Amino acid sequence: MAKAKKQKRQAKAKSRAARARKPARKSVAAAAKKPAAKKANGNGMPRPSSKPYGHAGKALDGVRILDFTHVQSGPTCTQLLAYMGADVIKIERPGVGDITRGQLRDVKGQDSLYFTMLNGNKRSITIDSKNPKGKEIIERLIKHCDVLVENFAPGALDRMGFTWEHIHKLNPRMIVASVKGFGPGPYEDCKVYENVAQCAGGSASTTGFRDGPPLVTGAQIGDSGTGLHLALGIVSALYQRNRTGRGQKVLCAMQDGVLNLARVKLRDQQRLKHGPLTEYSQYGEGIAFGDATPRAGNDSGGGQPGWILKCKGWETDPNAYIYFITQAPVWGPICDLIGRPEWKTDPDYATPPARLPRLKQIFGTIEEWTMTQTKFEVMEKCNAVDIPVGPILSTKEIAEEKSLRETGTVVEVDHPGRGAYLTVGNPIKLSDSPCEVKRSPLLGEHTDEVLKKELGYSAKEIAEIKASGAVTPPEKPAKAEAA
């Protein structure tokens with residue numbers, strides 16, 4: 001009997017051990033119901049998409065931009081973000097809109113090219129920020145969006161009641177990005193435009209010819225250049241927000257932006273302390289340097305001597321010129337091409353230091369050769385032997401250049417009012433975020449859409465908003481009837 005009891009106890013123990021080895025049915029079922037975690041790679045990021053390149057959405061999909069900008073610097077920034085896929089909602093004054101809609105107008109009664117070429121891929125909503133209902137809409141948009149961009153005069157946003165503190169209270173994740181003329185300092189309250197920025201940022205004082213006045217450049221480095229800087233700041237702030245969870249202020253001063261683009265001139269300012277700037281043509285002409293970086297005409301800023309030379313047809317074509325660089329590694333091919341092979345061994349020409357005092361005469365000789373051919377013929381022959389040259393392309397030639405159309409750099413866009421127009425597409429090409437350039441919006445074209453779909457207003461509420469004058473222009477007083 002004792003033996004039987006012992007066997008029974010051993011059997012029970014085996015049964016308990018077996019059950020312990022088996023996972024409980026309940027936990028297995030629960031595990032089956034639990035959603036599988038997203039697989040990630042080593043750094044915690046999602047695994048690479050299996051979709052074909054160009055089919056995985058835009059780079060800034062899901063980012064919402066509240067665009068208070070006008071004229072050029074701000075719109076340049078927000079248009080670039082829109083090209084990258086951001087949803088840009090442009091706020092404009094009812095009945096007026098961005099002032100550039102009517103500036104430099106070439107088609108009567110239609111938005112100007114000044115406006116259309118800086119506001120593609122955006123939505124337009126009209127709001128009177130002084131109207132209580134209008135202010136309420138703006139506050140709801142602040143809560144709805146990721147970034148607010150403005151280029152008002154200093155203090156204007158604060159006077160509208162939208163201080164950084166108020167905005168951050170409404171939406172702690174909001175990034176507030178601003179373009180101003182000057183950064184903090186004695187000039188921060190000054191109003192600045194394109195050419196003022198060029199003059200204050202070191203560009204104008206170093207542009208032009210030595211015996212002439214300072215010049216501004218045709219490239220909009222003050223406005224558009226600063227807008228590009230601001231876009232980089234915004235994208236950086238968005239990336240940092242992924243880690244911190246909070247927004248921040250982003251400031252780009254136009255003076256700072258111009259100086260960044262003219263940094264080589266600040267480089268040369270410091271070099272002056274140690275002697276003359278030998279790559280400047282005035283050195284070879286025996287003209288002394290002053291205490292500031294001089295205007296250098298068409299001298300190359302990269303240490304390789306260069307100059308703009310006449311080509312065939314220059315007498316009647318103002319752009320029949322080419323920029324020619326006498327780069328040291330290709331000095332031999334240059335000598336052969338222009339018919340001066342003896343310069344390769346002549347001690348007065350064979351080395352860069354020997355050539356510096358003779359640059360004017362050297363470029364004069366090269367120009368005798370370039371004047372016998374068109375700028376495109378010169379380019380073809382020089383490129384064949386790796387000589388760096390650049391034809392002076394007119395805006396007409398650029399507009400008609402087939403390759404720029406094919407790459408989406410120059411794009412023809414259709415507009416319901418003015419018809420087709422050319423614009424500059426996205427200058428940044430992303431292989432997995434293709435850009436589709438769309439026309440600029442009509443004034444207030446998307447007001448109803450934004451109020452309803454983005455902010456959730458009902459039809460009745462939208463009607464009340466319109467009746468309040470928050471999104472509609474004030475009625476013009478009726479003209480008195482003639483007696």
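**Exercise 1. Which strand gives the most to the lining of the largest pocket, and with how many residues?**

*Solution.* Start with the ground rules. This is a predicted model, in which local features need pLDDT of at least 70 and side-chain atom pairs count only at pLDDT 80 or more, while totals for chains, interfaces and linings use all residues. Residues are numbered from 1 along each chain as its sequence is written, and side-chain values use heavy atoms, with hydrogens and water left out.

Step 1: fix the terms. A pocket is found on a 1 Å grid over the protein atoms alone: it is an open set of points where a 1.4 Å probe fits, with protein on both sides within 12 Å along at least five of seven lines. Lining residues have an atom within 4 Å of a point. Strands (E, at least two residues) and helices (H or I, at least four) are DSSP runs, numbered from the N terminus.

Step 2: read off the result. Strand 2 gives the most, with 3 residues.

Step 3: add the rest of the pocket. Its volume is about 740 Å³, taken as the space filled by probe spheres set on the points, which are joined across faces, edges and corners. Of the 25 lining residues, the closest to the centre are Glu92, Arg93, Ile127, Ser129 and Phe152.

Step 4: sort the lining by class. There are 12 nonpolar, 7 polar and 6 charged residues. Here Ala, Val, Leu, Ile, Met, Phe, Trp, Tyr, Cys and Pro count as nonpolar, Asp, Glu, Lys and Arg as charged, and the others, Gly among them, as polar.

**Exercise 2. Find the buried residues of helix 19, and say what covers them.**

*Solution.* Step 1: set the cut-offs. Buried means under 20% relative accessible area, exposed over 50%, and partly exposed in between (1.4 Å probe, protein chains only).

Step 2: apply them to residues 447-454. Thr447, Val450 and Leu451 are buried. Seen down the helix axis, the buried residues fall within an arc of 95°, so they line one face of helix 19. The arc is that of the directions from the helix axis to the C-beta atoms.

Step 3: recall the general rule. An α-helix has 3.6 residues a turn, so residues three or four places apart point the same way.

Step 4: look at the other side. Lys452 and Lys453 are exposed there.

Step 5: find the cover. It includes strand 2 (87-92), strand 3 (122-126), helix 5 (132-144) and helix 20 (459-468). Contact means heavy atoms within 4.5 Å.

Step 6: check what comes next. Gly456 follows helix 19, with a positive phi near 75°.

**Exercise 3. Work through three salt bridges: Glu92 with Arg101, Arg123 with Glu449, and Glu406 with Lys402.**

*Solution.* Step 1: define the bond. A salt bridge is a side-chain nitrogen of Lys or Arg within 4 Å of a carboxyl oxygen of Asp or Glu. The whole structure has 21.

Step 2: take Glu92 and Arg101. Their side chains meet at 2.7 Å, N to O. Both Glu92 and Arg101 are buried.

Step 3: take Arg123 and Glu449. The N to O distance is 2.6 Å. This pair links distant parts of the chain, Arg123 in strand 3 and Glu449 in helix 19, 326 residues apart. Arg123 counts as buried, at 12% relative accessibility. Glu449 is partly exposed, at 31%.

Step 4: take Glu406 and Lys402. Their closest N and O atoms are 3.9 Å apart. The two residues lie 4 apart in helix 18 (residues 402-406), so about one helical turn separates them. Both Glu406 and Lys402 are exposed.

Step 5: look for shared partners. Salt bridges join Asp87, Arg123, Glu449 and Glu454 into one network.

**Exercise 4. Asn121 and Asp386 have positive phi values: where does each residue sit, and is it buried or exposed?**

*Solution.* Step 1: place Asn121. It sits in the loop between helix 4 (113-116) and strand 3. Its phi is near 65°, and it is not a glycine. At 15% relative accessibility, Asn121 is buried.

Step 2: place Asp386. It sits in the loop between helix 16 (375-383) and strand 9 (389-391). Phi of Asp386 is also near 65°. At 60% relative accessibility, Asp386 is exposed.
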